[in-house]
Amino acid sequence: MMRCLAVDDEKLVRELLEDNIRKVPYLQLVASCRHAMEAIEVLQRESVDLIFLDIQMPGLSGLQFLRSLPHPPLVILVTAYEQYALEGFDLDVVDYLLKPYVFDRFLKACNRALERRQLRQGDVHAPASGMDDFFFVNVEYVQVKINFIDIRYIEGLKDYLKIHLISNSKPVLTRMTMKSMEQRLAGAPFVRIHKSFLVSIPRITAVKRDTIYLGEKELPIGDAYREQVERIVRPSTD
């Protein structure tokens, strides 16, 4: 899980951020703040991995607040003013969301933040479960290391699995059941979308009716797994 802070002086924007954060399975909302000074108080008592930060706020602006942090968490800027984009990226922000934004764009920014966090490998807080970010599978009597961040999707073929990777066009074939793989990935950002497919949530680029898109790759959504896919892309009704 990534622990998140929403900072914006507009109530409606904060409420939208809170709702969007709750839609993403690997995000956890720690607090929602009206201004930078309130956010500073939260950071003094809470561990935060990611900040959704407005720029133009009364008192201390978002960029001034960001510069004041000696060891800032990951930051996604959320603003109506695109002229600050260059300055924001000079401060190494993850992404720059222009208001009003759609949820697909919000999810893309979150996926970038998750990938950045995984790539840091120890420069930020470890996952709350303490789990490793890799595992080994048996491939023709050789133990092959698979990094979570390298997985696009996993395809089930009876008692075998094909692990499709970003780093290699040839999938890794291993004798293993989908149920065993789900248990191995428990707590990591993956979702079962079909009896034959398990996908990396950060690699999802779009969802349309009965299909999930991973870039140009299209995968079917099974009826039995539709509800858990919808939890990723639709608002909670709670």
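# Reading strands, salt bridges and a surface patch

Analyst: Let's open with one residue pair: Ile154 has Leu198, in strand S12, as its bridge partner. Keep in mind that this is a predicted model.

User: Okay, so how many bridges join S8 to S12, and in which sense do they run?

Analyst: Strands count as paired if at least two bridges are found between them. Here S8 and S12 are joined by 3 bridges and run antiparallel.

User: What is the pairing between S8 and S9 like?

Analyst: Also antiparallel, this time over 6 bridges, with S9 covering residues 160-165. These two strands make a hairpin with 2 residues between them. One to look at in the turn is Lys158, where phi is positive, about 55°. For a bridge in this hairpin, take Leu157, whose partner in S9 is Tyr160.

User: How many of the residues of S8 are buried?

Analyst: Buried here means under 20% relative accessible area. In S8, 5 of the 7 residues pass that test, so the strand is largely enclosed by the rest of the structure. Leu157, which lies in this strand (residues 151-157), is partly exposed at 33% relative accessible area.

User: Which residues make the nonpolar surface patch?

Analyst: For a patch, you want nonpolar side chains with over 30% relative accessible area that sit within 5 Å. Leu157, Tyr160 and Leu173 make one of about 250 Å². Leu157 gets in because its 33% is over the 30% cut-off. And you've already met two of its members, since Leu157 and Tyr160 are bridge partners.

User: Where is Ser196, and what does it touch?

Analyst: Look in the loop between strand S11 (190-194) and strand S12 (197-200). Setting aside neighbours within four places in sequence, Ser196 contacts Ile154, Glu155, Gly156 and Met178. Is a loop residue like that buried or exposed? Ser196 counts as buried, with 18% relative accessibility. Ile154 ties this back to where we began, as the residue bridged to Leu198 in S12.

User: Let's move to the other sheet. What is the order of its strands?

Analyst: With an open sheet, you read the order across it and then check the edges. This one has 3 strands in the order S13-S14-S15, paired antiparallel. S13 (206-208) and S15 (217-220) stand at the edges with a single partner strand each, so one side of each has no neighbour in the sheet. From one strand to the next, the twist averages 25°.

User: How many bridges join S13 to S14?

Analyst: There are 3, and the two strands run antiparallel. One to find is Ala206, whose bridge partner in S14 is Tyr213.

User: What does Tyr213 touch?

Analyst: Tyr213 sits in S14, residues 211-214, and is partly exposed, with a relative accessible area of 21%. Not counting residues up to four places away in sequence, Tyr213 touches Arg203, Ile204, Thr205, Ala206, Lys208 and Glu218. Arg203 is 10 residues away along the chain, and its C-alpha atom is 8.5 Å from that of Tyr213.

User: Now charges. How many salt bridges are there?

Analyst: The rule is a side-chain nitrogen of Lys or Arg within 4 Å of a carboxyl oxygen of Asp or Glu, and the count comes to 14. Among them is Arg3 with Glu46, whose closest N and O atoms are 2.8 Å apart. Arg3 is in strand S1 (residues 2-7) and Glu46 in the loop between helix H2 (36-45) and strand S3 (50-53), so this pair ties together parts 43 residues apart in sequence. Both ends are partly exposed: Arg3 at 21% and Glu46 at 32%.

User: Which parts of the chain does the pair of Lys99 and Asp54 link?

Analyst: The N to O distance in that salt bridge is 3.5 Å. Lys99 is in the loop between strand S5 (95-98) and helix H5 (103-120), while Asp54 is in the loop between S3 and helix H3 (62-68), 45 residues apart. Asp54 is buried, at 3% relative accessible area.

User: And Arg192 with Glu182: what does this pair tie together?

Analyst: Their side chains meet at 2.6 Å, N to O. Arg192 belongs to strand S11 and Glu182 to helix H6 (residues 178-184), so the pair ties together parts 10 residues apart in sequence. Arg192 counts as buried at 11%, whereas Glu182 is partly exposed at 32%. Salt bridges can also share partners, and that joins Asp8, Glu10, Asp54 and Lys99 into one network.

Notes:
Residues are numbered from 1 along each chain as its sequence is written. This is a predicted model: local features need pLDDT of at least 70, side-chain atom pairs count only at pLDDT 80 or more; totals for chains, interfaces and linings use all residues. Side-chain values use heavy atoms; hydrogens and water are left out. Patches are made of residues with over 30% relative accessible area and no salt bridge: like charges are joined within 9 Å, nonpolar side chains (Val, Leu, Ile, Met, Phe, Trp, Tyr) within 5 Å. Accessible areas come from the Shrake-Rupley method with a 1.4 Å probe; for residues, only the protein chains shown count as cover. Helices (H or I, at least four residues) and strands (E, at least two) are DSSP runs, numbered from the N terminus. Buried means under 20% relative accessible area, exposed over 50%, partly exposed in between (1.4 Å probe, protein chains only). Contact means heavy atoms within 4.5 Å. Axes are lines fitted to C-alpha atoms, for helices over the stretch in contact, and angles run from 0 to 180 degrees between N-to-C directions.
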